[in-house]
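This report describes one helix and its surroundings, and then the relation between the chains.

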Number of protein chains: 2
Amino acid sequence: MKALLVAISALASVIGAGAPALAADALRDQVRAYTAAHQKPILEEFVALLALPNVATSVPDIETNASHLRVELDKRGFITRSLYAGPETPPAVYGELQSPGAKRTVVFYAHYDGQPAAQPEWRSDPFKPVVRDGARVDGPEIDWRAAPRLEPEWRVFARSASDDKAPIQAMLSALDALKAAGRKPTVNIKVFYEGEEEQGSPNLSRILQAHKSLLTGDLFVLSDGPRHPSGRMQVFFGARGVTGLELTVYGPLRPLHSGHYGNWAPNPAVSLVRLLSGLRDDEGRILIPGFYDDVRPLTSAEQAALAALPDVETQLRRELALGRTEGGERVANAIARPALNLRGVRMGDVGDKAANAISTEARASIDFRLVPDQTPQRVRERVEAFLRSQGWFVTADEPDAAVRAAHPRVVRAEWSLDYPAYRADMEAAPAKAVVASIARSTGAEVLRLPMLGGSVPMDTFARELGMPIVGVPLANADNNQHAANENLRLQNLWDGIEIYAGLLTDLQW
Amino acid sequence: MKALLVAISALASVIGAGAPALAADALRDQVRAYTAAHQKPILEEFVALLALPNVATSVPDIETNASHLRVELDKRGFITRSLYAGPETPPAVYGELQSPGAKRTVVFYAHYDGQPAAQPEWRSDPFKPVVRDGARVDGPEIDWRAAPRLEPEWRVFARSASDDKAPIQAMLSALDALKAAGRKPTVNIKVFYEGEEEQGSPNLSRILQAHKSLLTGDLFVLSDGPRHPSGRMQVFFGARGVTGLELTVYGPLRPLHSGHYGNWAPNPAVSLVRLLSGLRDDEGRILIPGFYDDVRPLTSAEQAALAALPDVETQLRRELALGRTEGGERVANAIARPALNLRGVRMGDVGDKAANAISTEARASIDFRLVPDQTPQRVRERVEAFLRSQGWFVTADEPDAAVRAAHPRVVRAEWSLDYPAYRADMEAAPAKAVVASIARSTGAEVLRLPMLGGSVPMDTFARELGMPIVGVPLANADNNQHAANENLRLQNLWDGIEIYAGLLTDLQW
């Protein structure tokens with residue numbers, strides 16, 4: 001295998017920069033050969049990264065991840081720093097690798113923190129990565145270290161396997177592959193790995209403001225989110241914003257027997273479900289007056305890009321056993337609209353644990369997905385005005401007994417006003433360069449998504465850093481992102497290494 | 001103290017049966033003196049009973065309770081048996097104590113199993129009883145064994161302290177008090193202590209049918225539920241029925257990222273809250289067509305008894321910090337109607353644990369409270385017909401992928417068709433005898449409740465055993481029954497001992 005690599009490396013070096021397509025083919029072959037020969041050590045390295053708990057509510061866990069990442073970057077020749085917004089906040093990891101003679105500097109973004117991982121549906125510990133067959137995710141764990149080879153459809157199951165440690169591993173392994181092939185990056189590389197994206201990036205602006213001079217560059221490549229559900233590569237030029245809302249509705253000060261007080265003492269569970277069912281309908285339409293007033297319409301170019309996306313709905317409906325879809329649109333169009341997702345409701349208990357009681361409170365958790373030109377603050381105003389119009393006394397704080405007694409209906413609304421949406425020009429030169437590079441690396445046309453349905457703080461980067469942003473997602477679409485049993489298809493990791501190797505060596509604009 | 005007891009005992013024996021009020025006064029004084037002198041050993045015995053976990057989903061736990069109770073009954077001279085409906089079902093404990101010369105046999109009922117106790121709000125282990133000050137239930141635990149005396153307002157906190165081991169302890173200690181006073185019960189005593197009442201008494205009918213000859217008698221005294229919220233003693237002549245319903249609504253087969261699939265993949269949480277909010281309104285009114293058709297109206301005597309109940313609403317609203325009540329009626333009237341209580345909703349998670357995901361399913365748990373002449377089966381038919389009319393495919397079983405894909409809206413409805421309601425004649429002779437005895441024991445007028453808001457299987461007893469039934473509740477109304485931090489006020493236990501001592505010695509009809 002080593003002889004082959006040397007031969008490919010030699011071939012690549014004689015082809016030169018004047019024949020990018022041919023050079024890209026050669027590069028892809030070199031990287032592919034490297035990856036094929038090093039799958040197990042690459043996966044071993046990835047598994048070590050995934051084994052580090054990374055829910056950003058625990059800053060010590062995040063620090064452990066940051067130290068680990070800095071060591072990995074050090075090994076590849078980076079100079080690194082941990083960037084803080086203040087004491088006891090999760091750091092971002094910054095790394096810089098200059099390439100002699102490079103004219104462009106590319107900042108690569110990913111986040112190394114993950115969603116909460118307490119879902120009881122996890123089949124294995126979210127921080128003890130295991131491999132299972134993609135066609136049989138309910139099947140047994142695979143002893144991949146002992147396997148003769150790693151199948152491309154196998155998946156590694158762990159929190160953040162897809163969201164969003166995969167691009168970090170792809171970058172690290174791409175650098176190893178380039179080094180093995182004797183290839184040098186043609187751009188200066190900066191990495192900015194965020195440590196609290198899944199908490200709504202509360203300190204991101206402050207970190208960016210404090211380190212603006214460090215983070216200058218010509219292009220910001222943001223790797224997060226999934227590939228197109230068809231499996232094809234896509235790039236995105238925007239992302240929806242996000243705003244979180246925790247609602248608490250109050251019942252009696254102490255729990256009451258439902259038989260002795262039901263029909264008399266207000267049941268907060270009933271009040272809450274009635275409140276929630278007034279916020280949106282079954283088709284995804286948000287019922288809050290004025291909610292859609294600030295929505296910027298899609299341009300015709302954006303509409304055309306959406307229309308060019310291949311059909312995934314038929315396959316998805318079958319895979320997910322859906323008897324209907326909300327709103328009747330295609331997925332890509334549905335997620336170009338604002339959304340209200342009811343992500344959790346907790347009151348009393350169900351099944352064997354249900355007690356015949358009226359609870360003291362009932363809670364719900366909502367994530368709003370925003371589009372340009374909505375703002376979190378404006379959404380908050382509209383939602384709270386609507387609740388007031390429905391007879392609710394809205395408070396940001398825990399109401400005391402006097403407040404509860406003074407108002408027929410009290411709801412506590414706790415907001416995380418995370419960040420607004422972003423949608424950039426798909427036709428800008430650096431954007432086109434990224435699309436062309438990935439097309440060369442993968443040998444296939446790249447789908448163009450005007451805006452990712454998921455939320456990444458692109459608006460914050462654009463506002464603070466003022467450089468073009470392109471999104472390059474690597475994960476399989478069925479990765480269980482944000483849920484139990486999050487996973488990454490191994491072939492997506494290998495592909496990601498090739499894509500990153502391409503971006504590091506053949507971006508041309 | 002002993003001299004006093006002997007004196008009282010002698011006094012009582014010369015008064016004779018011809019002067020019941022005076023005799024009752026003397027008895028009460030004797031029992032009160034005994035209780036005052038033996039509070040700590042009585043509480044020690046009660047605490048030992050409460051320390052036994054008793055959620056009837058664990059049959060071994062129930063067996064341990066049954067053995068313990070049989071030993072306690074043995075000590076008081078009972079012959080005992082465990083009565084089974086079949087293998088691996090929780091037994092009922094039967095005990096019998098003949099009183100020479102007695103003409104009447106009274107069957108005393110309580111249940112020794114408890115509600116599930118997994119609520120996170122428990123301040124201490126539900127099966128490690130602790131004592132705290134009733135005026136400061138959030139205060140520290142009291143080292144009652146070391147205290148100079150037990151304050152009447154102290155409370156013992158444990159699952160089943162009030163519901164429903166208190167009457168069992170009251171009976172045991174009443175027998176001890178009578179023995180110490182040299183008094184003999186004037187009725188034959190049978191006890192029937194059920195072991196799965198909080199699971200909806202699924203095997204009760206079979207046990208009663210199998211042991212009908214054992215359970216004959218002239219009066220069935222059922223001790224469960226709380227005293228009137230005013231603190232006054234009440235007896236009840238009926239109880240609402242109960243029917244449990246677990247609803248599960250389905251989303252995608254695997255959890256999905258809300259950003260990438262929201263607005264397209266149906267969110268089961270949204271569908272469920274909309275379903276639930278269509279079942280009843282904020283005022284307790286059930287919106288299921290025909291739900292009230294079978295309701296038997298209250299008689300004018302029953303309405304008069306309700307009207308005679310003292311005002312508790314003012315105090316309750318203040319205590320519970322209620323800004324409103326449902327329906328605008330008095331408590332007693334509200335709980336004389338059928339009710340739909342939403343006892344739990346579980347979907348996704350909230351707060352720090354909330355993930356931006358669309359869940360695969362969402363669950364709710366409901367308890368229906370029924371009144372005569374509703375039946376669980378009829379309620380089931382009406383609810384399911386209503387759900388179908390709203391576009392739901394209703395199934396009793398876990399739907400597979402094919403079923404989920406074939407129907408736009410699938411709901412699983414799992415019913416526990418527990419038992420119907422019961423309401424007896426308040427003017428029957430044995431009922432009046434019980435009211436008179438308690439009035440003598442407590443020296444106060446007894447409130448008469450046509451029907452308890454909570455559910456006890458009175459209908460089952462009436463149907464299977466064919467004897468008059470009267471309900472004699474002992475617990476404080478604010479006992480957190482069915483919820484976390486269930487407790488019994490100590491004075492209610494001492495009162496209960498006096499009430500039981502009275503019922504055992506001066507029932508006259």
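The sections below cover burial, helix packing and symmetry in this predicted model.

## Burial of helix α8

Helix α8 of chain A spans residues 268-277 and is mostly covered, with 10 of its 10 residues buried. The buried residues run from Pro268(A), Ala269(A), Val270(A), Ser271(A) and Leu272(A) to Val273(A), Arg274(A), Leu275(A), Leu276(A) and Ser277(A).

The cover comes from both chains. In chain A it includes the strands β9 (238-250), β11 (339-348), β13 (361-370) and β15 (410-419). From chain B, α8 (268-277) and β11 (339-348) are among the covering elements.

## Packing of α8(A) against α8(B)

Two packed helices are described by the angle between their axes and the distance between the axes. For α8(A) and α8(B), the axes come within 8 Å and cross at roughly 120 degrees. The crossing of α8(A) past α8(B) is left-handed.

On the chain A side, the contact is made by Val273(A), Arg274(A), Leu276(A) and Ser277(A). They meet Val273(B), Arg274(B), Leu276(B) and Ser277(B) of α8(B). By type, the residues of this contact are four nonpolar, two polar and two charged.

## Relation between the chains

A turn of 180 degrees with a shift of 0.1 Å along the axis lays chain A on chain B, at an RMSD of 0.1 Å. That is the relation of a two-fold axis.

Of the interface residues of chain A, 99% are also interface residues in chain B, so the copies meet through the same surface.

Notes. Residues numbered from 1 in each chain as written. Chains lettered and ligands numbered in written order. Predicted model: local features only at pLDDT ≥ 70, side-chain atom pairs only at ≥ 80, totals over all residues. Buried ≥ 20, exposed ≤ 12 C-beta atoms within 10 Å, placed from the backbone. Helix = DSSP H or I, 4+ residues; strand = E, 2+ residues; numbered from the N terminus. Contact = placed C-beta atoms within 7 Å. Axes fitted to C-alpha atoms, helices over the stretch in contact; angles between N-to-C directions. Left-handed = near helix turned anticlockwise from the far one by under 90°. Nonpolar A, V, L, I, M, F, W, Y, C, P; charged D, E, K, R; others polar. Least-squares fit on C-alpha atoms with pLDDT ≥ 70 in both.
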